[in-house]
Amino acid sequence: KIIKKIPLHPYTVAFLGGVLLVILALIFGDIYLGLGLETIKNTLNHDPYFSKDIPWYAFLLKTLFTSITLGVGGSGGIITPIFYIGATSGHLFGQLVGNDHIALFAALGFVSVLAGAANAPIAATIMAVELFGLEIAHYAALSAVISFLITGHRSVFPSQILAMKKSEMLDVTVGEEVEKTEVDLEDTKIGKIKDIKERIKRRREKLKKKKIRKVKNSKK
């Protein structure tokens with residue numbers, strides 16, 4: 001969105017984008033250029049030796065590199081960057097929760113980001129089974145469905161036809177392309193949410209007053 005606002009000739013923008021990518025690659029390394037299949041492979045390797053040099057912020061930089069490439073008119077791919085971002089973010093999550101199953105979390109990230117970004121939880125689950133074995137099926141199905149639901153009514157394929165709404169609270173026109181779909185909260189749900197917010201506010205005020213009284217009594 002930022003690149004589209006640059007008031008320069010498209011070729012100039014493309015050239016400047018390429019220069020920026022070269023500078024970023026010189027600073028952070030060239031593992032974010034190209035498809036990154038070697039990095040994906042290393043995150044999924046059970047031997048920690050292969051993934052030890054992958055920085056925790058790899059998924060963020062790959063997002064940036066891909067965004068710049070696509071924004072200036074280049075061909076940065078769609079599915080492979082999703083695999084890269086999913087595998088590296090899953091790898092980070094595995095490191096945060098424990099070092100016992102890092103490759104498993106990388107695999108789940110691999111398919112979960114695909115499920116959310118492409119609105120394809122069933123295909124992502126089947127892919128997980130094909131690539132990583134039947135043992136991962138229930139984990140992959142759960143993470144893919146969660147990713148699919150929380151992503152909202154968006155997709156990397158803007159011409160995708162929306163076949164269902166992901167929440168009963170939303171007012172969504174089904175049967176349109178995702179790019180043209182308008183999503184709003186239903187009026188009845190908006191009222192309920194406001195009511196809940198008011199209740200929470202009143203509850204906080206009561207607790208605050210109660211706390212102040214306790215402080216005053218303790219001083220006495």
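Helices here are DSSP runs of H or I with at least four residues, numbered from the N terminus. The model is predicted.

**Exercise 1.** State where I54 is found, and decide whether I54 is buried or exposed.

Solution.
- Step 1: place the residue. I54 sits in the loop that joins helix 3 (48-51) to helix 4.
- Step 2: take the cut-off. Buried means under 20% relative accessible area.
- Step 3: apply the cut-off. The relative accessible area of I54 is 11%, so I54 is buried.
- Step 4: add a distance. From C-alpha to C-alpha, I54 and L92 are 9.3 Å apart in space, with their positions 38 residues apart in sequence.

**Exercise 2.** Classify T43 as buried or exposed, and give its distance from T181.

Solution.
- Step 1: T43 belongs to helix 2, which covers residues 37-43.
- Step 2: the relative accessibility of T43 is 0%, and therefore T43 is buried.
- Step 3: T43 and T181 are 36 Å apart in space, C-alpha to C-alpha, and 138 residues apart in sequence.

**Exercise 3.** Find the class of I27 and name the surface patch to which I27 contributes.

Solution.
- Step 1: I27 is located in helix 1 (residues 10-28).
- Step 2: the cut-off for exposed is over 50% relative accessible area. I27 has 58%, so I27 is exposed.
- Step 3: I27 is one of the residues that make a nonpolar surface patch of about 960 Å². Other members of this patch include I6, L8, F15, L16 and F28.

**Exercise 4.** Describe the largest pocket by volume, lining and class of residue.

Solution.
- Step 1: the volume of the largest pocket is about 840 Å³.
- Step 2: its lining has 20 residues, and K1, S67, L70, S155 and V156 lie nearest the centre.
- Step 3: helix 4 (58-71), helix 5 (79-97) and helix 6 (102-118) each supply at least two lining residues. Helix 4 gives the most, with five.
- Step 4: sorted by class, the lining holds nine nonpolar, eight polar and three charged residues.

**Exercise 5.** Do the same for the second largest pocket.

Solution.
- Step 1: the second largest pocket has a volume of about 190 Å³.
- Step 2: the residues that line this pocket are L44, H46, A103, L104, A107, F132, E135, I136 and Y139.
- Step 3: helix 6 gives the most to this lining, with three residues.
- Step 4: the classes are seven nonpolar, one polar and one charged.

Conventions: Residues are numbered from 1 along each chain as its sequence is written. This is a predicted model: local features need pLDDT of at least 70, side-chain atom pairs count only at pLDDT 80 or more; totals for chains, interfaces and linings use all residues. Side-chain values use heavy atoms; hydrogens and water are left out. Patches are made of residues with over 30% relative accessible area and no salt bridge: like charges are joined within 9 Å, nonpolar side chains (Val, Leu, Ile, Met, Phe, Trp, Tyr) within 5 Å. Accessible areas come from the Shrake-Rupley method with a 1.4 Å probe; for residues, only the protein chains shown count as cover. A salt bridge is a side-chain nitrogen of Lys or Arg within 4 Å of a carboxyl oxygen of Asp or Glu. Buried means under 20% relative accessible area, exposed over 50%, partly exposed in between (1.4 Å probe, protein chains only). On a 1 Å grid over the protein atoms alone, a cavity is a set of points where a 1.4 Å probe fits but cannot get out, and a pocket is an open set with protein on both sides within 12 Å along at least five of seven lines; lining residues have an atom within 4 Å of a point. Grid points are joined across faces, edges and corners, and a volume is the space filled by probe spheres set on the points. Ala, Val, Leu, Ile, Met, Phe, Trp, Tyr, Cys and Pro count as nonpolar, Asp, Glu, Lys and Arg as charged, and the others, Gly among them, as polar.
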